[in-house]
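Let's work through a few exercises together. Have a look at the model first, then try each task before reading its solution.

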Amino acid sequence: MSSNVKFKSLNDVIFITASLIYRGFREKPKKNLKITHAILHGFAFLFTIYGVNVAFNYHGSSSPHLQSLHSWIGISAVVIFALQYVVGFACFLLPIVNQSRRAFVLPLHIFFGLFGFVLAIIACLLGVAKKGEDTFLKNAVGVSLIIYGALVVFLVAIPNFKRQPLPEESALLPQ
C-alpha cells in the first residue's frame, strides 16, 4: 500500500509540472515548452494507466469494480485526461490543424485540463475518505490535497502568470 502512495505522488508531481510548464518557464521558446508539456503528460498518462491497473488488480474479484463515486469520478478523470492528450497532441504538436482551429481549441483544452485535474483531486479525496476510521493523517492528506488543488488552479487560471509570446514568436503570429 505504501508503494502505491509513493507512485501516486510521483504521478501528481509529473502531471502538475507538465500543467504549469507554461507558467514557470515563460521566457523559454514555446515549441520547447510544448514538447516538454507533451512528454511529461505522456509519462503521467502511462503512470495513470499503471495506477488504474494496480487498483483493479488490488481489489481483484472480491469487490465489484466501478460501484463507488470514487471509482466513477476517477475513471472520468482518466478518460478526460486521455482525450485531452490525444486532442492536444493532434492540435498543438502535429501540423494538421490550422491556426484558427487551434485558437478555438486552446480555451477548451485549458478548461478540460483543469476540469480533469479537479476531478482527479476529488477522486483522491473520495478515496482517502473511504479508508477506515478518521485519523489525523487522513484529514491532513485531505486538506493538503485541497490546498494543492487550489494553488494549481490559481496559477493556471489567473492571467498574471500567463506566458506572453517572445519577441521572435510575435513576428510569426497572424495580425
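Helices (H or I, at least four residues) and strands (E, at least two) are DSSP runs, numbered from the N terminus. Here we're dealing with a predicted model, where local features need pLDDT of at least 70, side-chain atom pairs count only at pLDDT 80 or more, and totals for chains, interfaces and linings use all residues. Residues are numbered from 1 along each chain as its sequence is written, and side-chain values use heavy atoms, with hydrogens and water left out.

**Exercise 1.** Work out which elements the protein has, and in what order.

Solution. Start by counting: you should get seven helices and zero strands. Next, read from the N terminus on, and the order is α-α-α-α-α-α-α.

**Exercise 2.** Find the salt bridge (a side-chain nitrogen of Lys or Arg within 4 Å of a carboxyl oxygen of Asp or Glu) and say how covered its partners are.

Solution. The structure holds one. Its partners are Asp134 and Lys138, with their closest N and O atoms 3.2 Å apart. For cover, buried means under 20% relative accessible area, exposed over 50%, and partly exposed in between (1.4 Å probe, protein chains only). Asp134 has 61% relative accessibility, so it's exposed. Lys138 has 11%, so Lys138 is buried.

**Exercise 3.** Describe the surroundings of His37.

Solution. First, place His37: it's in helix H3, residues 30–59. Then check its cover: at 16% relative accessibility, His37 is buried. Finally, list its contacts (heavy atoms within 4.5 Å). Leaving aside residues up to four places away in sequence, His37 touches Ala18, Ser19, Ile21, Tyr22 and His109.
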